[in-house]
Amino acid sequence: MKLLTRYILRQNLFLLLLVCGIGLGIYVFIDLFDRLDDFLEAGVGLSSVGAYFLYRTPFILAQIFPAVFLIALMVQMGLMLRSRELLALEACSVSPGAVAKSVIWYALALCVAQLLFSEALGVSGHRAADRIWNEEVRNRQIEKRQLADIWFREGNRIVHMGEVTPAAGQGSRLTVHVLEDDDAGSIKEILRARTFKSTAAGWLLTDVTRTFPASFEVLEAAQMELDLRTDLGSFLIVDPKTRLESLPLWQLGAEIQRLQDSGSNIERLQTAWHMKLAYAGSVLVMALIALAVVSLFGSLFVIIPIGLVATFCYYGLFVLCASAGEKGLVPPMLAAWAANVFFTAVAGGWMLRGRSFHLG
């Protein structure tokens, strides 16, 4: 590691920890007062409130990290400009481009760290905090959550569940259309069951009616086993009430593949999957914005406000494109990465117009 890179890293880490602590304190303070009435109304103890924010802390840190990194980097670059350190480096044949390259490599390393941190501690902490909020504050038991009118396909079977409790692995008003083959041929059999339950051996159906359209034959059975392997618990992921932030990247990917094979609508899941990667990549975008702003303006009091405005614009575009992707208006990959691509292009143009930080 070059001496310049070590110097930039050491100085930035100090500012990063300082700004991160301030940002975390402000976020928790605002969140606490926003939820205080709910905590008091539910009558939860201080231990539950403390546990909620303790579990939520890694997720908060992962969410605010790109903005925190931008502020820390702008303050660092602004102080280096003010103390004429950049001018001294240039006098010693260290170009501003070399400083920019060190910052970009540092930002790329932080992109990976942010992704790993958010997908490990952030996801598990968010899930634990959500459980406290739903069960102790809102008195909503995840195990009792019900979904209605769920369709999926497994092999040559098209399945409709009128009502299902995914966490309990059971439901009612099941209809299964069995096709002649896997290529959506004619209907071989129609199964209807009053209730059903998922077991290790398959699905157990009760009060079953079997209809054979070819022969107009109708058979009835008290119980019937069906070799369906679809995990009912996975349908909680497609529930609009499910917070996809509490699902790790690998689980989202596996469910996308499974639901895609069953013919389900997966735009929302695909957008969320790409958003996780794009948000980690936003750390690099913030580094480019900071370098671009510093290259255009030399005053610390101008750099920080302009950088913050650029950050708010980035988050606004990021959320807007993500909403369009979840609704199927824009391809999921484009929706998730559009803000990163746009601000990278804008920051790159600013850097080329600025007085320094050319990478060539």
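Begin with the sheet: select strands β1 to β6 of this predicted model, and you will find six strands arranged as an open sheet in the order β1-β2-β3-β4-β5-β6, with antiparallel pairing. The edges of the sheet are strand β1 and strand β6 (217–226), each of which pairs on one side only. If you look along the sheet, the twist from one strand to the next averages 20 degrees. As general background, strands of a sheet pair through backbone hydrogen bonds, in either a parallel or an antiparallel sense.

Next, select residues 170–179 and 187–199, which are strand β3 and strand β4, and display their backbones; these two strands pair in the antiparallel sense over nine bridges. One place to centre the view is Leu179, whose bridge partner in β4 is Ile187.

Stay with the sheet for two aspartates that deserve a check of their backbone torsions. In general, most residues other than glycine have a negative phi. Select Asp149, which lies in strand β1 (residues 147–154); its phi is positive, near 55 degrees, in a residue other than glycine. Asp149 counts as exposed because its relative accessibility is 51%, and the cut-off for exposed is over 50%. Then move to Asp207 in strand β5 (residues 202–212), which is not a glycine either and has a positive phi of about 55 degrees. With a relative accessibility of 39%, Asp207 counts as partly exposed, since that class lies between the buried limit of 20% and the exposed limit of 50%.

Now leave the sheet and select residues 300–326, helix α7, and draw a distance between its end C-alpha atoms: they are 39 Å apart, which agrees with the 39 Å that its 27 residues should span at 1.5 Å a residue. Showing side chains along α7 lets you pick out its buried residues, among them Leu300, Ile303, Tyr314, Phe318 and Cys321. Small residues are also on the buried list of this helix, including Gly307, Ala310 and Gly325. Just beyond, α7 is followed by Gly328, where phi is positive, near 80 degrees.

Finally, turn to the other end of the chain numbering and show a surface over Phe14, Leu18, Ile22, Ile26, Phe29, Ile30 and Phe33, which form a nonpolar surface patch with about 770 Å² of accessible area together. To end the tour on one member of the patch, select Phe33, which is found in helix α1 (residues 3–42) and, at 51% relative accessibility, counts as exposed.

Definitions and conventions
Residues are numbered from 1 along each chain as its sequence is written. This is a predicted model: local features need pLDDT of at least 70, side-chain atom pairs count only at pLDDT 80 or more; totals for chains, interfaces and linings use all residues. Side-chain values use heavy atoms; hydrogens and water are left out. Patches are made of residues with over 30% relative accessible area and no salt bridge: like charges are joined within 9 Å, nonpolar side chains (Val, Leu, Ile, Met, Phe, Trp, Tyr) within 5 Å. Accessible areas come from the Shrake-Rupley method with a 1.4 Å probe; for residues, only the protein chains shown count as cover. A salt bridge is a side-chain nitrogen of Lys or Arg within 4 Å of a carboxyl oxygen of Asp or Glu. Helices (H or I, at least four residues) and strands (E, at least two) are DSSP runs, numbered from the N terminus. Buried means under 20% relative accessible area, exposed over 50%, partly exposed in between (1.4 Å probe, protein chains only). The expected span of a helix is 1.5 Å times one less than its number of residues. Two strands pair if DSSP finds at least two bridges between them. Axes are lines fitted to C-alpha atoms, for helices over the stretch in contact, and angles run from 0 to 180 degrees between N-to-C directions.
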